Amino acid sequence: MELPLGPDPRTETLRRLQALLVQRFGRIERAADAWRQPEWALVQGVIGAQTRSEISNLATDRLLERWGSWEGVAEAPLDELQAELATQTYPNVAGERLKTCLTDLIARRGSVDLSHLEKLDTLEAMEWLEQLPGVGRKIAAGVMNASTLDRRAVVLDGHHRRILQRMGLVPPKANTDRAFAAIMPAMPPEWSGADYDEHHLLMKQLGRTWCRPSAPECPECPAQALCETGRRRA
């Protein structure tokens, strides 16, 4: 007879971490409604590689304002699209990926329309999104969680994954897919989609402030006591 394994200790660590981050940074409000349409979230994710969210948000709005619809963006000349994305870290790559992604989506759905995702369970919807060119686990989770779909899917950017690895909550060399699979079972069951979204944004802030890629400032970090790396460096 197998004994029950009991609750995952990482779940309580995540609860305590969230409380510490809220105490340090304050609550984070969700994005404006216009920025929470699934199609908008998809575009923002595709063009956003290595670019701060604030910059990608403005670039996404500019695209829609200039061409009037996402179908218009898909039909825009590539050089004009890349020029409009000059604020992105990799504007040429962003333009190519976006045009290819939107063209493929139109071929599948007849328009830039993700309304069918509402009827799918979260993982099935993410796997559908990941068939689109340029869409990986991070972008798929972002569409499902940060949009009006409001699903319980954790968005793992470089900051978030790095912190989880340093804390010992996911394997140290896990890529985004493996880290997602590792941490999802530990996420607090009472957290809503909004809680997931706030958790991601707080972790991003932590990564920018103290848990940077090089020379992390562990003594100043509010999560040091919960972190394997932080305790070693104490």
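**Exercise 1. Work out whether Ala215 is buried or exposed in this predicted model, and say what its backbone is doing.**

Step 1: Start with the surface. Ala215 has a relative accessible area of 57%. Anything over 50% counts as exposed, so Ala215 is exposed.

Step 2: Find its place in the chain. Ala215 sits in the loop that links H11 to helix H12 (228–233).

Step 3: Look at the backbone. Phi of Ala215 is positive, about 55°, although the residue is not a glycine.

**Exercise 2. Do the same for Asp150: where does it lie, and what is its relative accessible area?**

Step 1: Asp150 belongs to the loop between H8 and H9.

Step 2: Its relative accessible area is 33%, so Asp150 is partly exposed.

Step 3: Here, too, check phi. For Asp150 the angle is near 55°, a positive value in a residue other than glycine.

**Exercise 3. Describe how H9 and H11 cross, and which residues make the contact.**

Step 1: Two numbers do the job, since packed helices are described by the angle between their axes and the distance between the axes.

Step 2: For helix H9 (residues 158–167) and helix H11 (residues 193–209), the axes come within 8 Å and cross at roughly 80°.

Step 3: Angles from 65 to 115 degrees count as roughly perpendicular, so that is the word for H9 and H11.

Step 4: On the H9 side, the contact uses His159, His160, Arg162, Ile163 and Leu164. H11 brings His199, His200, Met203, Lys204, Leu206, Gly207 and Arg208.

Step 5: Sort those residues by class and you get four nonpolar, five polar and three charged.

**Exercise 4. Now describe the packing of H8 with H10.**

Step 1: The axes of helix H8 (residues 137–146) and helix H10 (residues 176–183) are 9 Å apart, at an angle of about 50°.

Step 2: H8 and H10 are therefore oblique to each other.

Step 3: Arg137, Lys138 and Ala141 of H8 meet Thr176, Asp177 and Phe180 of H10. By class, that makes two nonpolar, one polar and three charged residues.

**Exercise 5. Which residues of H7 are buried, and what do they pack against?**

Step 1: In helix H7 (residues 122–129), the buried residues include Ala125, Met126, Trp128 and Leu129.

Step 2: These residues span an arc of only 160° around the axis, so they are on the same side of H7.

Step 3: The buried residues of H7 pack against helix H6 (91–109), H8 and H10.

Step 4: Zoom in on Leu129. Skipping neighbours within four places in sequence, Leu129 touches Leu114, Leu117, Val135, Ala140, Val143 and Met144.

Step 5: Step back to the wider setting. The largest nonpolar core has 66 residues, and Leu129 is among those with the most contacts inside it, along with Leu42, Leu63 and Leu117. Helix H2 (residues 38–47) supplies the largest share of this core, six residues.

**Exercise 6. Where is Leu14, and which residues is it in contact with?**

Step 1: Leu14 is part of helix H1 (residues 9–25).

Step 2: With a relative accessible area of 0%, Leu14 is buried.

Step 3: Beyond its neighbours within four places in sequence, Leu14 is in contact with Leu164, Leu169, Ile183, Ala186, Met187, Pro188, Trp191 and His199.

Step 4: Compare a position 50 residues along the chain: the C-alpha atoms of Leu14 and Leu64 are separated by 37 Å.

How values were computed:
Residues numbered from 1 in each chain as written. Predicted model: local features only at pLDDT ≥ 70, side-chain atom pairs only at ≥ 80, totals over all residues. Heavy atoms only, no water. Axes fitted to C-alpha atoms, helices over the stretch in contact; angles between N-to-C directions. Helix = DSSP H or I, 4+ residues; strand = E, 2+ residues; numbered from the N terminus. Parallel < 35°, antiparallel > 145°, perpendicular 65-115°, else oblique. Contact = heavy atoms within 4.5 Å. Nonpolar A, V, L, I, M, F, W, Y, C, P; charged D, E, K, R; others polar. Core = buried A, V, L, I, M, F, W, Y, C linked by side-chain atoms within 4.5 Å. Buried < 20%, exposed > 50% of the residue type's maximum accessible area, 1.4 Å probe, protein only. Arc of directions from axis to C-beta.
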